[in-house]
Amino acid sequence: MKAIRLVPSAPEPVADIMFDPCVKCTICMEACPVARVTDSFPGPKMAGPDAQRFRGRFEQSTDNWIELCSSCRSCQTVCPSNVPIADINILAKARHRMQTGSSMATAILSHAHLVAKFGASFAPIANKSMRSKAIRLFAEKLFGVSAHAPLPSFASKKFSSEIKNRIISNDRDGLTVVYFHGCYTENNRPDLGLMVIDLLERFGCRVQVPGQNCCGVALVGVGDLKSAYRLAYRNYKKMAHVIENSDYLVFASPSCQLALTAEYTELLHFHKARIFTEKSIDLMSLLEHQIEAKGVQLPSAQKPMKLAYHTACHLKALGIGLPAVRVLRSIEGIDLTVLDAGCCGLAGTFGMKAVNRDISLAIGKAVADRIYELNPDMVVSECEGCRMMIESMTGKPAMHPAEILAALF
Amino acid sequence: MIYDVAVIGMGLAGMSAALSASEMGATAALIGSGPGTLNLASGCIDVMAYPPNQDNLPVDDPIAAVRQVASEFSEHPYAILGDKAVAKTLSWISAHTAAGGWPLSSDLSKNHRVLTAVGRFKITCLVPESYLAGIDLPLYKPLLILGISGLRDFSAPMLAEVLQMKGYKVRSTVLQGIPVGFQGHSLGVSRFFSESGIKQLGLQIRGFVRPGEIVGIPPILPPMPDIQYFRELQKVAGVEVFEIPTLPPSLPGIRLSKALRARCVSSGVELWEGVHALSMEESGGKIGSLLLAAGPNQRKLQAKTFVMATGSYLSGGIRVKGDTVIEPIFDLPINQKERMPLFSTSFLSSSGHNAGKLGVGVDSSLRPLGKNGRPAWENLFAAGDILAGHDPLAERCGGGVAASSGRIAGMNAAVAAGKGKKS
Amino acid sequence: MLRETKLKTDVVIVGGGATGCGIARDLALRGIDALLIEQKDVAYGATGRCHGLLHSGVRYAVSDPHAARECILENQIIGRVAPECVEPVGGMVIELPGDDPSYFLKLLEACRSAGIKTIQITPGEAKALEPAINPKVTRSFLVPDSSIDPFLLCLQNLRAAERHGGRYLLHTKVTGFTISSGKVIGVKFESDDEHGEVQCKLVILAAGGWSKQMAALAGVNIPMELSKGSLIIMNRRFTDRVINRSRLPSDGDLLIPNGPTSIIGTTSIPVPSADGLLIETSEIELLMRQGDVMTPGFEKARSLRAYAGVRPLLAIGGQGREATRGFLVIDHEKTDGISGLISILGGKLTTYRLMAEKTADLAAEKLGSNVKCQTAERPLFEDAILPHYHRSERLSRIHEVEGGLVCECEMVGRKHILEVAHELKGRPDLVDIQHRTRLGMGSCQGGFCAFRALMILVEEGICPPDKVESVLLSFLNLRWKGIMPILRDDMAREEHLNYAIYASLFDLDRAAHQKEDP
């Protein structure tokens, strides 16, 4: 699937302005999980602000290594000069992709929302296939999707179907929130979405789940900005009106939140998405707020639990602190340690590509080692990708903090 | 959530403040974009090497120098902190880094000369264990400087030649065949030295070294706060080994930063990474909250007290706007005199630059002063490079000031928030 | 102790700017023995401190049609024979609101008369080609301006000259001339480690802004005016083309892409000497403002360095900018009664080859040679093959850069440095390395790579250990002179980082004062 055409790339003049503040301090180089484990990726400083000065607008992209950037955004998170390094790298990916196309694995995985929809419609067969070693190996040979990378199984009924039968509370006094659930809840874990709604309602929120589609974060991550833009636009058309009349837009998945609240405006230049940014809040911060406002005391845990919390890279990129840690630590019977061990290595769909499997494992090793060292009962993380990767690396059950909370009641 | 103490800045001062506040039972938020300048510095903690207005001779006794500076320069942060607080801080920091897996020497009685990659010596006080064998090198001590072919920030042959010229008994050898990657920087090389690589290196050293020699290596051990890598290397090598700092990325600096960060995390400090503090909001005559931004996402963070450890120019704690220097978050006055040239015409001279001495003035509790000379905000404290009255780089006192003012500011903030009693 | 040297040649060329180096090659190709002496590194004067513009001539079309015609012809020749030094970026003239509307058509017509190819485009097309330009552009046309690397140009000429028997001495000052019976027969010189005399038949003064001083050493007066022009190098490339304004050339209205940077210039202030140039804050402010008019957002963008050069103008006909930019070859035998001495004055970088040709013609005539000039046909790279990579080529090669990347900002590899290091002839100088490789010309202005390059020089035996600190300090201090005038937020932060490395870590701020340790 390689078609070479010389096309002027997406917003170059904007990209030019971005790298001026870089003083070459090298702090981003140390933060990059990919550069730490492989020499093939030259690191975020070189890939971003260094190389951008050399990228001619109408020249052939020579960034053949740019697909090794996992779009984890660790570089942009730590940059003291406020250089949007990850954004620059994604724009470079977009430019490269426009000229040289994508590998099949990249195309399939970035369109995971379509694959997942299909898979969920045929859940029993899809799940069985994914468990079959032979089929996974065949898929790796044919599509480049790693035979060993964790893939989520599909639910028999999609989330949007499930909530058709559910009565959404009409508590007029409560906060009105719109819940953006994302593909994982829709196709793989609708039960998680139901838990989220239950929790929100329990703590005084009136929840609406308007029609919505995939956030497009995987497409942005591989530089397929055109396809991502279509998804962004459709999300806007479906949800903007409802959100305008609501108090909050709530997310339980950090990557979905990142896409809608930051990437839509910064990378896709879809400025109407400002409404998403302005109204957004993550689930745990909202629950904490409601718990404090209502002066509620959370019940104790049914049995003492030793938990380890894993900070998703995209959660750091949101700049929200660690609300899940605060809420869970307020529960009696819960002993929670923050792992702070870096990137799990999956980076969304990055680690699912066969070519990246070794890199992915090398990155996640630090997290796995820390978990072995701590030996918790469970690992907690808001990010579904991290949970899948951690479970597959360590065998420990990995839960969304909402699941821990839901179990209290 | 309303924190007891919110600390802005995740460098040495910020981490010290958050840690000390947390130790006093305060809930602490540590806000910042990244690890601060620790990643770029040598991993040592400077206390005082070149007191202001003195000859170019470095001082031998850092704590005595602190006392002297405190008595002579009333605006120097050391005058506010006092030598006892500084000494206590250094022990406190050493204890923490040791607990974090990366011990610093605890000898505060004298400054040490640490060999650097250019062949000059950095005068500093607290050094990591991996530097110890090489501090205060006497001329008669035979040295072997080990290089790695392709490592671009370090040249063993050059260093050996320069030291030889200065009268040292030194030779060099360059190891071949170690995968350095196409960029040849220390981070890439350190990949190789994680497990089996250390053993290999140790054996190679053992093979090359002559009796009586000690071995200087570039800083290529893993950037993890785990002294075991170094101890294992020395054990296998069978000789004393010491690291020699060079250009950033500084692996010893990264290790120190990570060690302190781990201490913060295990102490219950909550990290708010990836955010820049834009401005503040008042509430009832005090600072009520900070406006934090991560790209287009903005969040308000509420706290009872605040510690600004925002650093200086590189970290954005103070900014140059034309001929003026400003403090961008709280708009605090900077001690810049009228018509004072910010920069000297010579880049590197012993008098440094006026810009280096600029910052916010503080009262005896480390509360920054407003335009009227009184504390600008009752619940705001300041620590680190942002403080006026000292030149952290030219004097080589940045680390000591940062850690000490950080610890004291954190304590004062915790007390002001109603936690613990003032010491 | 300075070594005493005695040399002998036919021609001594004083000055290693473009003209001097061009003459060196021209004479060498004619088989004439010549020695070039230059007080610093190549292109120290106006050549290395100009815009780096290979003129199409559009800037002179109205005011000096003869010069314009000369420019376009030479532009085409140099583009053909020295493509490795040229980036054929093209130029654009933009008319903005407030410009005299009659000038545009006048300029177009003048270009056509001068033989400068023009393509008129709509404002929409102009903005599509160059999105950064002022969106209020009213009219526009394209011209064949190019960007040229003046250092590479001089070096290639010198390297070519050397291959054909020529010689050169850099970092060597001419201290006097030996005159016997009204004839110049020798040149006295001095450098850091030697002094001596060259016996010769003819001296050519191609000393640019120092011509008056040099001529005075021979007892001759040259009517010259010196006009200082300051320029600023920006961190990024704003436009892919040279941007000209539709008006008579004035201050700050030229924006040129140069590798991954853009250069804005220039000013015009009379000065008494080519040495000790200071850049005023008012010049910086003017340049940034004018840049902002051409490309909005310019004023807020990051600048890397400011520099100033001196235009050596003939003091006939007007002052400063209006003084003729044509050139003059002076046969001092005819004008001053001193034989064995000729001077080449005035001109611009674009016409260097023509200036060298005319000077070499006169020199050849005086020496009785009738070999014709070949520089208009013979490719420059035939004689001097050293790699020089265009912008995106360098990016595509980062994994292959042999020996590793030394300068990350400009993507210069170790191998490249080793290749040029021998040209330093044992005199370690990081600025010379910079001129030959672009090392340190990027965002950090050599903050990191200077140290790395120094280590390479020591390992190669070019820098002895006792010079390590002085070489590094002299680079850092010279660099600082260019950065100080533009020290704003971003660059101040960069310098803070560099100061932390070189002072706090390497203790170099105490090097000048302390005795060697322990």
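Let's start in chain C, where C:R247 and C:D253 form a salt bridge, their closest N and O atoms sitting 3.4 Å apart. The two partners differ in how much they show of themselves: C:R247 is partly exposed, with a relative accessible area of 22%, whereas C:D253 counts as buried because its relative accessibility is 1%, and buried means under 20%. Keep in mind as you look around that this is a predicted model.

That pair has plenty of company. Over all chains, the structure holds 73 salt bridges. One of them links A:R326 to B:E270, with 2.4 Å between the closest N and O atoms. To find the pair, look for helix α20 (residues 323-329) of chain A, which carries A:R326, and strand β9 (residues 270-272) of chain B, which carries B:E270; the residues lie in separate chains, so this salt bridge joins two chains. Both ends are tucked away, as A:R326 is buried and B:E270 is too.

Now move over to B:R396 and C:D507, whose side chains also meet in a salt bridge, at 2.9 Å from N to O. Here B:R396 comes from the loop between β15 (380-382) and α10 (398-416) of chain B, while C:D507 belongs to the segment after α15 (489-505) of chain C, so once again the pair joins two chains. These two residues, B:R396 and C:D507, are both buried.

Salt bridges can also link up into something bigger than a pair. A network of them ties together A:K24, A:K45 and A:D50 from chain A, B:R152 and B:D153 from chain B, and C:E408 and C:R452 from chain C.

What about the cysteines? A search of the whole structure turns up zero disulfides over all chains. Take A:C75: the nearest cysteine sulfur belongs to A:C69 and is 6.3 Å away, and A:C75 is in no disulfide. A:C75 is buried, with a relative accessible area of 7%. C:C200 is in no disulfide either, and its nearest cysteine sulfur, that of C:C21, is 18 Å off. With a relative accessibility of 8%, C:C200 counts as buried. For background, a disulfide is a covalent bond between the sulfur atoms of two cysteines.

Staying with chain C, have a look at its open sheet, where four strands line up in the order β1-β13-β12-β11 with mixed pairing. Which strands stand at the edges? They are β1 (3-8) and β11 (172-180) of chain C, and each has a single partner strand, so one side of each is left without a neighbour in the sheet. From one strand to the next, the twist averages 20°. Further in, strand β12 (residues 183-191) and strand β13 (residues 194-199) of chain C run antiparallel and are joined by five bridges. To pick out a matched pair, find C:F189 and then C:G196, its bridge partner in β13(C). In general, the strands of a sheet pair through backbone hydrogen bonds, either parallel or antiparallel.

Let's finish on the surface of chain A. A:M104, A:F138, A:L142 and A:F143 make a nonpolar patch there of about 390 Å². Helix α10 (residues 133-143) of chain A gives the most to this patch, with three residues. A:F138 lies in that helix, α10 of chain A. Is A:F138 buried or exposed? Its relative accessibility is 55%, so A:F138 counts as exposed, the cut-off being over 50%.

Note on methods:
Residues numbered from 1 in each chain as written. Chains lettered and ligands numbered in written order. Predicted model: local features only at pLDDT ≥ 70, side-chain atom pairs only at ≥ 80, totals over all residues. Heavy atoms only, no water. Pairing = 2+ DSSP bridges. Axes fitted to C-alpha atoms, helices over the stretch in contact; angles between N-to-C directions. Patch = residues over 30% accessible without salt bridge, like charges linked within 9 Å, V, L, I, M, F, W, Y side chains within 5 Å. Areas by Shrake-Rupley, 256 points an atom, 1.4 Å probe, with all protein chains shown as cover. Salt bridge = Lys/Arg side-chain N within 4 Å of Asp/Glu carboxyl O. Buried < 20%, exposed > 50% of the residue type's maximum accessible area, 1.4 Å probe, protein only. Disulfide = S-S within 2.5 Å.
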